[in-house]
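Me: I've got a model open and I'd like to talk it through piece by piece. Can you take my questions one at a time?

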Amino acid sequence: MRRSPADGSYVPVAVGADAAGMALPTALTLSVIGAAHPVHQTAAITLVWLLVGLAARRYAPSAWDEGAPAGPVVRDWLVLLGVLAVVRTVSGLEGAPAAELAALCPSLAVTVVCRKVIHRRVLAVRRRAEGLRRVLVLGEAGAVDAVVGQLAERTDHGYVVVGACVLGEGEVLSGVPVPARLPGDAPPASDEDAAPVADAAELLGADLVFVTAGRHMCGDRLRRLSWALHDRGHRLMVLPGIVEVARRRVRIASAAGLTLLDVSPPTRRGLPTLLKAATDRVGSLVLLVVLAPLFALLALAVRLSSPGPVIYRQTRVGRDGTPFPMWKFRTMVVDADRMKGELAGANEHDGHMFKLRRDPRVTSAGRFLRRYSLDELPQLANVLLGHMSLVGPRPPLPEEVARYDQVEMRRLSVKPGLTGLWQVSGRSDLSWHETVSLDLRYVDNWSWAWDMTVMARTVRAVLDGRGAY
């Protein structure tokens, strides 16, 4: 079995890319602006940059599981500026470090691009089921099945389950091998508990052991298990049971010997929300002005393709269940809403949405507009008016919301978006469960930097046209 990219071959690649991404633009810029000793300055800056990355664990295996967002790179870059400022002060250098700041600006952009390229390579390797870390899961039968199912649903992580050790009674339904079973109650001697787990890990060639939280895994039992596994060279990870929580929202604390996970609430107020609102209003206004000629051409195409109005107005449900009028370029015949009842039996979607790949109500121009999401452009006016955001969950229809359960209602905790994770991850090709999972992940973990990433991915998704019908 090949080693994980993050564990092996990609570590020197990542370090080398970071070094080159910092050194080459910095050296070039320092030379152009005529800074003193550009080679020596570049070497010092690059060394500090790599040390900052090591201190922040950017090259650790777990770092690859969080993707390659620009936020951590920017934070490291700001730390680098602070370290360089301290070094200048301690060294007694005079003057503002304008040259260093100018030299580091291009390197920031280059480093972000390099990390994204490497991360895409890591994901490509993982999708081929290569270079994955082999995992032995320890827990109750139901918890084992849940972990196996969760990992099997996605390919953006570096783990593959090779077996399970089951606590207590129960049958594992996921089909993974079960080389050992442990009693439900903790045995008095650690060897009676840990030896079978360590033996199973060695038998299956597991790189690490996942331990799921449950009534049979108390703190003292887990502690003794960790001693035995670590003594035999096996790594251990504890799954606390929380899902779809971004790492930046989790902080480890301790009290009276207890290890605590402090989970921050989703962002609902403060500077990030103000920044999001400003981005929505300014971005939508700029796009409306810039795309005005395109709006005119699309309006003419809709008018010539079939009789009826150019703009289609439909009631959608926004944040906190507030209805609002949403505008789109008309892509269907005028009496499309009346025909929907006749086509209900042909619905191809497994959830509350109504979708047909070959919807007879769609006009010839409408098919083109839908394929490239051009029919959604009038929703920029909704964003400007505050009904919607540039990024957010898909705006649902009132009849869809009427069938929501308590979990699905959480999608309405934020403004719906012109684009979002649903749009950049497959759109109508996704199942209802996948759609809800993506929206809830966004609702709970959104950030301004993540919004920028989604908008960048939207361009590629629109050009690809996959799932748009």
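What follows is a set of questions and answers on this predicted model.

Me: Before I trust any coordinates, what pLDDT does the protein chain average?
Reply: This is a predicted model, so confidence is a fair place to start, since pLDDT is the predictor's confidence in each residue. Of the residues, 83% score at least 70. The average for the protein chain is a pLDDT of 82.

Me: Over which residues does pLDDT stay under 50?
Reply: Where pLDDT is low, the predicted coordinates should not be read in detail. The model does have 22 contacts beyond four places in sequence for the stretch in question, but its pLDDT is under 50. That stretch is residues 1-7.

Me: Give me the overall make-up: how many helices and strands does the protein chain have?
Reply: Some background on the chain: 45% of its 469 residues count as buried, and its accessible surface comes to about 23900 Å², with 63% of that belonging to carbon and sulfur atoms. Among contacts with a separation of 6 or more, 72% are between residues 24 or more positions apart. As for the elements, the count is 17 helices and 11 strands.

Me: Where does UniProt place the feature "transmembrane region"?
Reply: The annotation comes from an unreviewed UniProt entry. In the model, residues 12-33 are 95% helix and 0% strand, with end C-alpha atoms 31 Å apart. Residues 39-56 come out at 94% helix and 0% strand, with their end C-alpha atoms 26 Å apart. The UniProt record lists residues 12-33, 39-56 and 285-304.

Me: What should helix α2 span at 1.5 Å a residue?
Reply: Helix α2 covers residues 38-55, which makes 18 residues. The expected span is 1.5 Å times one less than the number of residues. The end C-alpha atoms of α2 are 26 Å apart, which agrees with the expected 26 Å.

Me: And which residue just after α2 takes a positive phi?
Reply: Within α2, the buried residues include Trp49 and Val52. Most residues other than glycine have a negative phi. Just after the helix, a phi of about 60° is found at Arg57.

Me: Is Asp76 buried or exposed?
Reply: Asp76 sits in helix α3, residues 70-91. Beyond its neighbours within four places in sequence, it contacts Trp49, Val52, Ala56, Arg58 and Arg115. Its relative accessible area is 4%, and because the cut-off is under 20%, Asp76 counts as buried.

Me: How many residues of strand β2 are buried?
Reply: Strand β2 runs over residues 159-167 and is largely enclosed by the rest of the structure. It pairs in the parallel sense with strand β1, residues 133-139, over 7 bridges, and Val137 has Ala164 of β2 as its bridge partner. The buried count for β2 is 8 of the 9 residues.

Me: What stands opposite Cys165 in β3?
Reply: Strand β3 covers residues 180-182 and runs parallel to β2. The two strands are joined by 3 bridges. Opposite Cys165 stands Ala180.

Me: Which residues does Gly184 touch, leaving out those up to four places away in sequence?
Reply: Gly184 is in the loop between β3 and α6, residues 190-204 for the helix. At 17% relative accessibility it counts as buried, and its C-alpha is 7.5 Å from that of Glu169, 15 residues apart along the chain. The residues it touches are Gly168, His216 and Arg221.

Me: Ala256 has a positive phi; what is its relative accessible area?
Reply: Phi of Ala256 is near 55°, and the residue lies in the loop between β6 and β7. The cut-off for exposed is over 50%. Ala256 is exposed, with a relative accessible area of 85%.

Me: Is Ser373 buried or exposed?
Reply: Ser373 is not a glycine, yet its phi is positive at about 60°. It is found in the loop between α11 and α12. With a relative accessible area of 18%, Ser373 is buried.

Me: Last one: how many residues of helix α16 are buried?
Reply: Helix α16, residues 432-445, reaches 20 Å from its first C-alpha to its last, close to the 20 Å expected at 1.5 Å a residue. Its buried residues include Trp432, Asp439, Arg441 and Asp444. The helix is mostly covered, and the buried count is 11 of its 14 residues.

Conventions. Residues are numbered from 1 along each chain as its sequence is written. This is a predicted model: local features need pLDDT of at least 70, side-chain atom pairs count only at pLDDT 80 or more; totals for chains, interfaces and linings use all residues. Side-chain values use heavy atoms; hydrogens and water are left out. Helices (H or I, at least four residues) and strands (E, at least two) are DSSP runs, numbered from the N terminus. Buried means under 20% relative accessible area, exposed over 50%, partly exposed in between (1.4 Å probe, protein chains only). Contact means heavy atoms within 4.5 Å. Accessible areas come from the Shrake-Rupley method with a 1.4 Å probe; for residues, only the protein chains shown count as cover. UniProt positions are given in the numbering used here, feature names are shortened, and annotations may be inferred rather than shown by experiment. pLDDT is the predictor's confidence in each residue, from 0 to 100. Two strands pair if DSSP finds at least two bridges between them.
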